Amino acid sequence: MIMASEGQRTRLMATPGPRDRGSLSDMLWRNPKLFLALLLCLPLLWLGVVYLGSLAVFLAQSFFAIDDFSGLVTYEPTLATYRQLFSDANFDIILRTVTMAASVTVASIVIAFPVAFYAARYAKGVWKAVFYLGVMLPLWSSYLVKIYAWKLILAKEGILTWLFAKLHLLWLLEAWLSIPIIGGNSLSVSYTGTFLVFVYVWLPFMILPIQASLERVSGSLVEASADLGARPGQTFRHVLLPLALPGIVAGSIFTFSLTLGDYIIPQIIGSSRLFIGQAVYAQQGTAGNLPLAAAFTVVPIVIMGVYLWAARRMGAFDAL
Amino acid sequence: MRSDRLDRAPLPLKISACLGLLFLHLPILLIFLYAFTTEEKSYRFPPPGLTLEWFAVTWNRPDVWAALTLSVKVASLATAIALVLGTLCAAAVSRAAFFGREAVSLLVILPIALPGIITGIALRSAFSMADIPFSFFTIVLGHATFCIVVVYNNAVARFRRLSGSLVEASMDLGADGFQTFRYVVLPNIATALLAGGMLAFALSFDEVIVTTFTAGQQSTLPIWMLEELIRPRQRPVTNVVAMVVVLVTLLPILAAYFLTRDGDQIAGAGK
C-alpha cells in the first residue's frame, strides 16, 4: 500500500524524489550509451548470438566433408564438398533453380506492373483502399492454402481442364503438355505448374515495391513529357520505366530470393526433379550429408549477396 | 491543372490491372467452393453436389483441434517475445545514430531475408549440437526470430514520427524515464505495436518452413496441412480447414490495416 501511494504521489506532483527508480532513470538519461546498451542487450543476445551463431556454425559445415565409407563428417577443413557441389548432377539443380527464379521474376514484373501502375496513379478514394487490400490480403493469406488452391486448379479433373474443355481448347492444353521440358503428364506435375504457383504466391511482393516507387513519380512529370510531344509509349519508356526501376529491382529481390529458397512448392506441384531447396532438405535429412546441405545453402546466399550489392548500386533500397 | 485525358486510365491498363487482381483472388475463392463439395476422392470440378456435412466432420476431429491449439499457443508466445525484442530494437535504432546501427537493422531483417530453409536448418543443427530436444519451445524460438522484424518495422516507423520534443517536454515537466515511457511513449506507439503484433501472429500462425525443422513429432496447423498436401488422405476435411484458415487470417490483416491507417491522424504525433 505504501508503495502504491508513493507512486501515486510522484505521478501527481511529478517530483521525482531520491528514490531508486528515479535515480536509475536519471542515470540512464545521463548515460545514453548505457541506456542504448540496455535496450540492445536482449535483442542482440537473441539475434546476434543464438541466430547468427547457429547460422555460422551451420555454414561452416560446408568446409568439412563426409567420409565416403563411414558416412560420418570428418572435421578437417577441405574444399571437397564444394567440388561435389559443382558435379554435373548438382550443378543441374542450381541451374534449374536459377532459371526458374529468373523466369518467375520476369513474369511477375509483367503482371505486377499494370496493377501497381493503376493503383499508384489512377485509383482514388475507395478504389485506392480496394487495390491496397486487394494486394495485402493475398500477400498475407496462408501460403499453404494458396498452394492447395492451385492443387485444386491444376489437377487433371480440376477447373482448368474443365475450362479448356468448355472452350473446346483441350487440344491446346495437350499440345502444351507435350512440349518436352515444360510439359508433363498433367499441369500439376509439370514445370509449367510450378512456375504458375511461384508467380501467384510471390506476385504481391512485386506489386508493392513497384507501386511505392510509382507513387513517388509526380503527375506533372508525365504531363510535361506529353506536353513536350511524347506519345504515351515514349513517356512510358523514357519517363516512367526509369523512375520505376528501383521498385522493380526491389520486387525482384523478393521474387528471386524466395524462389531460390523454396522447397515446398516444387515438392507439391512439379516434376520429381529437384530444386536447390529440395536438395538442401534431402541432403540434411534422408541423405545425412550436412556438409553438402550447407554448401547448397551457400549458393542462394552468394547469388543474393551479389544481387543485393548490384541492387544497392542502382538505388533499389530507397523504394522499400 | 490536369487534362481529362491524363486523368483517366487507358482501357488496356484498366483491363490488365483488373485481370491482375482477379488472378490474385480467384484461386482463394475456389477454396470456398470446394469446402462444400460432396466429392471425396478427387478434386473434380464442377463439384457433383454441395453439402455442409464436412463442417461437422471437421469439428469432431481431435487432430485438427490439437494442431490448431498448438498453433495458437506458439503464435501467442512468439508474438509476445517479438513485441518486447522488436520494440527494444526499434527504440534503440530510432534514438540516435551509433556505431553499428546499420548492422542492427540488417540483423533484424536477416531471418526473413534469408530463405526460411536456411534459418530452419541452422537452428536445427544448433539444437542437435547443444542436445536440446525438440519441443514447444524450440518451435517458439524459431518463430520469434523471424517475427521480430514485423514488430520492428511497425515500431520504427512510428518512433520516427514521434516527435522527440514530446519526450523532452515530459522530462521537463518532471516525469522520470519510466513515467515518460508509460504515459507519453506507450500511448503513442500502442497502435503500431498492436498492428505489428497482429502481423507477427499471422506470420507465425502460417509458418511452415522453419517449423518443419524445429518441431519434433508435434504438428502445428500448417504442418498438418502440409502432410495432407503431400499425401492427401482427408480431402474434404482439408478443404474445410483451408477455408477456415483463410477466414481466420483475414481478420488480423484487416484490423492491422485500419489500426495503422488511423495512426496517421493522431494529433501531435507528427513532427
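## Helices 8 and 9 of chain B

In this predicted model, helix 8 of chain B and helix 9 of chain B are oblique to each other. Their axes cross at roughly 140 degrees and come within 10 Å. An angle over 145 degrees would count as roughly antiparallel, so the value of roughly 140 degrees leaves the pair in the oblique class. The crossing of helix 8 of chain B past helix 9 of chain B is right-handed.

Helix 8 of chain B (residues 164-172) brings B:Leu166, B:Val167, B:Ser170 and B:Met171 to this contact. On the other side, helix 9 of chain B supplies B:Thr180, B:Val184 and B:Val185. Sorted by class, five residues of the contact are nonpolar and two are polar, with no charged residues.

## Helices 5 and 10 of chain A

Two packed helices are described by the angle between their axes and the distance between the axes. For helix 5 (residues 88-121) of chain A and helix 10 (residues 191-215) of chain A, the axes cross at roughly 45 degrees and come within 6 Å. This crossing angle makes helix 5 of chain A oblique to helix 10 of chain A.

Helix 5 of chain A passes helix 10 of chain A in a right-handed crossing. The contact of these two helices has 21 nonpolar residues, together with four polar and two charged ones.

## Contact between the chains

Chain A gives 74 residues to the contact between the chains, and chain B gives 69. On the side of chain B that touches chain A, the elements with two or more residues are helix 2 (11-34), helix 4 (62-95), helix 5 (101-113), helix 6 (116-129), helix 7 (136-161), helix 9 (177-206), helix 11 (221-230) and helix 12 (235-263) of chain B. Helix 2 of chain B gives the most, with 14 residues.

By class, this side of chain B has 52 nonpolar, eleven polar and six charged residues. For the complex, the predictor gives an ipTM of 0.82 and a pTM of 0.83.

## Two individual residues

B:Glu207 lies in the loop between helix 9 and helix 10 (209-214) of chain B. B:Glu207 counts as buried because 28 C-beta neighbours lie inside 10 Å. Apart from neighbours within four places in sequence, B:Glu207 is in contact with B:His143 and B:Pro222. B:Thr87 is 120 residues away from B:Glu207 along the chain, and the C-alpha atoms of the two are separated by 22 Å.

A:Leu245 belongs to helix 12 (residues 232-261) of chain A. With 16 C-beta neighbours inside 10 Å, A:Leu245 counts as partly exposed. Between the C-alpha atoms of A:Leu245 and A:Trp171 the separation is 39 Å, and the two residues are 74 residues apart along the chain.

## Confidence

Chain A has an average pLDDT of 83, and 91% of the residues score at least 70. Among the elements of chain A, helix 5 of chain A has the highest mean pLDDT, 93, and helix 1 (residues 2-13) of chain A the lowest, 43. Residues 1-18 of chain A have a pLDDT below 50, and this stretch has 13 contacts in the model beyond near neighbours in sequence.

Chain B averages a pLDDT of 84, with 93% of the residues at 70 or above. In chain B the pLDDT is below 50 over residues 263-271, a stretch with nine contacts beyond near neighbours in sequence. Where pLDDT is low, the predicted coordinates should not be read in detail.

Note on methods:
Residues numbered from 1 in each chain as written. Chains lettered and ligands numbered in written order. Predicted model: local features only at pLDDT ≥ 70, side-chain atom pairs only at ≥ 80, totals over all residues. Contact = placed C-beta atoms within 7 Å. Helix = DSSP H or I, 4+ residues; strand = E, 2+ residues; numbered from the N terminus. Nonpolar A, V, L, I, M, F, W, Y, C, P; charged D, E, K, R; others polar. Buried ≥ 20, exposed ≤ 12 C-beta atoms within 10 Å, placed from the backbone. Axes fitted to C-alpha atoms, helices over the stretch in contact; angles between N-to-C directions. Parallel < 35°, antiparallel > 145°, perpendicular 65-115°, else oblique. Left-handed = near helix turned anticlockwise from the far one by under 90°. pLDDT = per-residue confidence, 0-100.
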